[in-house]
Amino acid sequence: MDKRLFFILLMCPMFFTTWATTTKDNDKEQQWSVKAGIGTSAAETESSNNRTFYSSPDASSNLFYLQGDYYLTPKLTLSGGVYFEQTGLLDNFSQNIGLLRVNTAGLTVGSKYYFLPKKWVVQAYAGAFAQTNFLNLKRTTGKKYYVSNNQYRGAGLDVNYNIQRPALTIVPQVGLDLRIFSSVSLCVDFNYQFGLWGHQRCDFRFNSGPLQGVSSSQTTSNMKPGISFGVKVDFPMRKVSSNDLDNLFEILFGILSGPRAQDRYQSPYLR
């Protein structure tokens, strides 16, 4: 993503917080929040015993999510949202997240409990969620031809796949919210997904390269650990002081633009 676009997207909540709130909002209790983020996870895989080469021990995934929290009490939330996850199979033969990619999307619902006093800058929580899969519940089978661009580069593989993504996934989760402003927090979450039902299996055979004629299979587990990072905005918003906002502008501008840009744009534009 272009640095300038990233800077604008990151600053949008700050601008809105500054100009859309009044000092009266500072006295209101936090009632709900919106959180967006990205994450990654890796599921263990098992390969057939007759393999004579290295097969990836993990199947990696990328996660994108949007979540809302409603505070039933100052420390207990009712949470829900939407997610999109892309899982890559046969990772060791690809420089990205797998030769064969499987998409999952659906709704998330659950609850979180915050342990620490609300006045603390760091907030820790534990929670549990249920993820539903609405995108591809049906069992999918087929055959595709791939060329490895990583291990055994250039080797061709005939891949037979049999995939059915879990319809329901249970996700216990712990996390930390780091408040950078009164209404904006950076978040890190750790989770472990338990997929119910479903399966992911690939049978493949090399038809070229040094392992021509060798065949194997790979089965991916429905259980996997994951980590995600996000930004959370609390409502009603609390006003940010202009001094704090100016300091953030200067820090982020220096990080994203580098020293040469700082030399070009001196203090009248940064202060």
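Colleague: Let's start with one residue: what is the relative accessible area of valine 34?
Modeller: This is a predicted model, in which local features need pLDDT of at least 70 and side-chain atom pairs count only at pLDDT 80 or more, while totals for chains, interfaces and linings use all residues. Residues are numbered from 1 along each chain as its sequence is written, and side-chain values use heavy atoms, with hydrogens and water left out. Valine 34 is in strand β1 (strands are DSSP runs of E of at least two residues, helices runs of H or I of at least four, numbered from the N terminus). Valine 34 counts as partly exposed, the class between buried (under 20% relative accessible area) and exposed (over 50%), with a 1.4 Å probe and protein chains only, because its relative accessible area is 31%.

Colleague: Which elements give two or more residues to the nonpolar patch?
Modeller: Valine 34 is one of the residues of this surface patch, along with others including Trp32, Leu66, Leu78 and Phe134, and the patch covers about 950 Å². The elements that give two or more residues to the patch are β1 (32-47), β2 (58-71), β3 (76-89) and β4 (100-114). Patch residues have over 30% relative accessible area and no salt bridge, with nonpolar side chains (Val, Leu, Ile, Met, Phe, Trp, Tyr) joined within 5 Å and like charges within 9 Å. The names you asked for are thus β1, β2, β3 and β4.

Colleague: How many helices and strands does the protein have?
Modeller: Of its 271 residues, 41% count as buried. The protein exposes about 14800 Å², with carbon and sulfur atoms supplying 60% of that (areas by the Shrake-Rupley method with a 1.4 Å probe; for residues, only the protein chains shown count as cover). Its secondary structure comes to 3 helices and 12 strands.

Colleague: How many bridges join β5 to β8?
Modeller: Strands pair here if DSSP finds at least two bridges between them. β8 (residues 168-179) runs antiparallel to β5, and alanine 128 stands opposite proline 172 in β8. The number of bridges joining β5 to β8 is 11.

Colleague: Is glutamine 131 buried or exposed?
Modeller: Glutamine 131 lies in β5 (residues 122-132). Leaving aside neighbours within four places in sequence, its contacts (heavy atoms within 4.5 Å) include Tyr83, Leu107, Ala167 and Gln193. With a relative accessible area of 11%, glutamine 131 is therefore buried.

Colleague: Which strand forms a hairpin with β8?
Modeller: The partner, residues 184-196, pairs with β8 in the antiparallel sense over 10 bridges. Arginine 179 stands opposite serine 185 in that partner. There are 4 residues between the two strands of the hairpin, and the partner is β9.

Colleague: How far apart are the C-alpha atoms of leucine 176 and valine 188?
Modeller: Leucine 176 lies in β8 and is partly exposed at 38% relative accessibility. Its contacts, not counting neighbours within four places in sequence, include Val122, Tyr125, Leu186 and Val188. Leucine 176 and valine 188 are 12 residues apart along the chain, yet their C-alpha atoms are separated by 5.5 Å.

Colleague: Which residue forms a salt bridge with aspartate 69?
Modeller: The structure holds 7 salt bridges, each a side-chain nitrogen of Lys or Arg within 4 Å of a carboxyl oxygen of Asp or Glu. In this one, the closest N and O atoms are 2.9 Å apart. Aspartate 69 in β2 and its partner in β4 are 43 residues apart, and aspartate 69 counts as buried because its relative accessibility is 3%. The partner is lysine 112.

Colleague: How far apart in sequence are lysine 224 and glutamate 85?
Modeller: Their side chains meet in a salt bridge of 3.1 Å, N to O. Lysine 224 is buried at 5%, and glutamate 85 is buried at 3%. Lysine 224 is in β12 (residues 223-235) and glutamate 85 in β3, so the pair links distant parts of the chain, at a separation of 139 residues.

Colleague: One more: which side chain makes a polar contact with threonine 219?
Modeller: Threonine 219 lies in β11 (residues 215-220) and counts as partly exposed at 30% relative accessibility. A polar contact is a pair of N or O atoms within 3.5 Å; within protein, one must be able to donate a hydrogen and the other to accept it, and residues adjacent in sequence count only if both atoms are side-chain atoms. The partner here also forms a salt bridge with aspartate 203, at 3.1 Å. At 3.5 Å from threonine 219, the side chain is that of arginine 201.
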